[in-house]
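Thanks, everyone. Let me take you through the empty space in this protein, and then through some helix packing. Please bring up the structure.

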Amino acid sequence: MSETSLTAEAVTTEAKYPKSVPYIIGNEAAERFSFYGMRSILATFLVAQFFNPTLNPALQTVAEAKANESTHFFVTLAYTLPFVGGLVADWFTGKYRIILTISIVYCLGHLCLAVFDSNLNGFIGGLVLIAIGAGGIKSCVSANVGDQFDKSNQVLLSKVYGWFYFSINAGSVISTILIPWVYAEWGAKWAFGIPGLLMALATIIFFLGRKKYVRVPPSGINRNNFVFISVYALTHLGKKQKGQSWLDVAKGEYNPEKVEGVKAVYRVMAVFIFAPIFWAMWDQNLSEWVLQAEKLDRHINLGFGSFTILAGQVQTANPIFLLSFIPLFTYFVYPFLDKIGIKTTPLRRLGAGLALTALSFVIIAFVQENVDKGLHPSVWWQIFAYVVLSAAEVLVSITGLEYAYTQAPKSMKSTMSAIWLLTVAAGNLFDALVNSNIAEHGFFSKFTGASYYWLFVGICTVFLVIYLFVAPRLKERSYIEQPEEEENDIIAQTNNL
């Protein structure tokens, strides 16, 4: 055995998990339970409690549009604020202080939902506080995991991230099963109160580990970042010389290496511009699809037993299928396709993901056509759509992050993570605006029932056709890091936003 192998083995043997890790993972599991538990009943609650409490069929379409509008605006805010939270943490406060402070705001938001369950303004105020809480800490929590490691235990980082993401999905699965049942049996106060209690528990768990965390101090304002360089280049375009990129004018004022990194970010954004339509459609499985599930036959007969599931519980299919598909695609589908000569490049995966996203909505549109006729199709059809959508998520979401990391230099990888979250916000903003227009009887009000889903099938198809034309012409440059650096790169920091 070589000396190098012996050294690596010794490092692996001596490596120990940081004592802070259980507190971080416990905090994340409880926080995700609170977020997804609340969201699992949000759309149905808004319709039943505020927008159509009398169950008037003539008001149902507008009521559902208003509920979807509120839900998607909430998600838009929650996925826009990580950009801000990351800046504040890295430049001014450090991660620990902002996570603890914003978690308290998060708890107050849940309290408002439970207290103001019959007051729309108070309830919306609670949603805003939760969006600030969830968004404010989102970019800091996963980065805080990486901060706990050094060279002595870096080999354990990927395992801890595995448990970290397992805690996210475990919290999601448990909450989407439990909270809709609590809502049906005990009402809104308990259904929104329990996620609030879990968020309070998450905050307490995080606080208890305060003496065990490795705290990276804030670095102060970093001028060599994506925003500053872009703004400078835009405001000094007059200095651009023939043959130069518009960003090259910033090289005299900023680090030339960082300017080249910003160029890489814009190259990746040429791909990311196609992501918002995916998120606009994906996020409907937590709102529009839930409202559709209320009108389906949700009786499940497994042969050896039968039961009826609640509308808010159907969405549990997504994390279950997702956890199953990740290893399936990684270890079987991709290698098989590569073996038979179909190279599964990131760009091809993204295109296939958009196609499957459209297909999942084709299924949902056919289901809705039967609902519009007064029928009650089996919930198994919607579960089938979840199978297709979950496969699309593996192809688009995971591949999108991978593409961002490989196509951007190390100094800009955190910037790409933040921009990826902004594509989620952009997709949800589009959903919110469409539903707002429907509620106000505008242009999109003609797209109700099945035609609403066919609208998104059409939009996604247009994006896919454009993507198939653009993708082969995109310039790519792979930034291959050393293994030790690559493990650090998965940490979603925001030093260069």
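First, a term. A cavity is a set of grid points where a 1.4 Å probe fits but cannot get out. Keep in mind that this is a predicted model.

So how many cavities of 30 Å³ or more does the structure hold? Two.

Take the largest cavity. Its volume is about 80 Å³. Which residues line the largest cavity? From the 270s we have Val271, Phe272, Phe274 and Ala275. Then come Leu350 and Leu354, followed by Val396, Trp420 and Tyr467. Two elements give two or more residues to this lining: helix H10, residues 256-272, and helix H14. Now the chemistry. By class, the lining of the largest cavity has nine nonpolar residues, no polar ones and no charged ones.

Next, the second largest cavity. About 40 Å³ of space lies there. Its lining is Arg32, Phe35, Ala78, Tyr79, Ala134, Gly135 and Lys138. Helices H2, H4 and H6, the last spanning 120-147, each give two or more of these residues. Which element gives the most to this lining? H6 does, with three residues. The classes here are four nonpolar, one polar and two charged. Set that beside the largest cavity, where the lining has no charged residues.

Now an open space: the second largest pocket. It holds about 340 Å³. The lining takes 19 residues. Which of them lie nearest the centre of the pocket? Thr61, Glu64, Gln368, Thr448 and Gly449. Five helices give two or more residues to the lining of this pocket. They are H4 (57-93), H12 (288-293), H14 (346-372), H16 (413-439) and H17 (450-470). H4 provides the largest share, five residues. By class, the pocket lining splits into seven nonpolar, eight polar and four charged residues.

Two of those pocket helices, H14 and H17, bring us to packing. At what angle do H14 and H17 pack? About 165°, with their axes 8 Å apart. The cut-off for roughly antiparallel is an angle over 145 degrees. So H14 is roughly antiparallel to H17. The crossing of H14 with H17 is left-handed. What classes of residue make the contact between H14 and H17? There are 18 nonpolar residues, two polar and two charged.

Now a second pair: H2, residues 21-40, and H8, residues 188-208. H2 and H8 also pack at about 165°, and their axes are 8 Å apart. So H2 is roughly antiparallel to H8. Is the crossing of H2 and H8 left-handed or right-handed? Left-handed.

Let me put names on that contact. H2 brings Tyr23, Gly26, Asn27, Ala30, Glu31, Phe33, Ser34, Gly37 and Met38. H8 brings Phe192, Ile194, Pro195, Leu198, Met199, Ala202, Thr203, Ile205, Phe206 and Leu208. By class, the H2 and H8 contact has 13 nonpolar residues, five polar and one charged.

Two helices to keep on screen for the discussion. H14 gives two or more residues to the lining of the largest cavity, and it also packs against H17. H2 gives two or more residues to the lining of the second largest cavity, and it packs with H8. Over to you.

Notes: Residues are numbered from 1 along each chain as its sequence is written. This is a predicted model: local features need pLDDT of at least 70, side-chain atom pairs count only at pLDDT 80 or more; totals for chains, interfaces and linings use all residues. Side-chain values use heavy atoms; hydrogens and water are left out. On a 1 Å grid over the protein atoms alone, a cavity is a set of points where a 1.4 Å probe fits but cannot get out, and a pocket is an open set with protein on both sides within 12 Å along at least five of seven lines; lining residues have an atom within 4 Å of a point. Grid points are joined across faces, edges and corners, and a volume is the space filled by probe spheres set on the points. Helices (H or I, at least four residues) and strands (E, at least two) are DSSP runs, numbered from the N terminus. Ala, Val, Leu, Ile, Met, Phe, Trp, Tyr, Cys and Pro count as nonpolar, Asp, Glu, Lys and Arg as charged, and the others, Gly among them, as polar. Axes are lines fitted to C-alpha atoms, for helices over the stretch in contact, and angles run from 0 to 180 degrees between N-to-C directions. Angles under 35 degrees count as roughly parallel, over 145 as roughly antiparallel, 65 to 115 as roughly perpendicular and the rest as oblique. A crossing is left-handed if the near helix is turned anticlockwise from the far one by less than a right angle, and right-handed if clockwise. Contact means heavy atoms within 4.5 Å.
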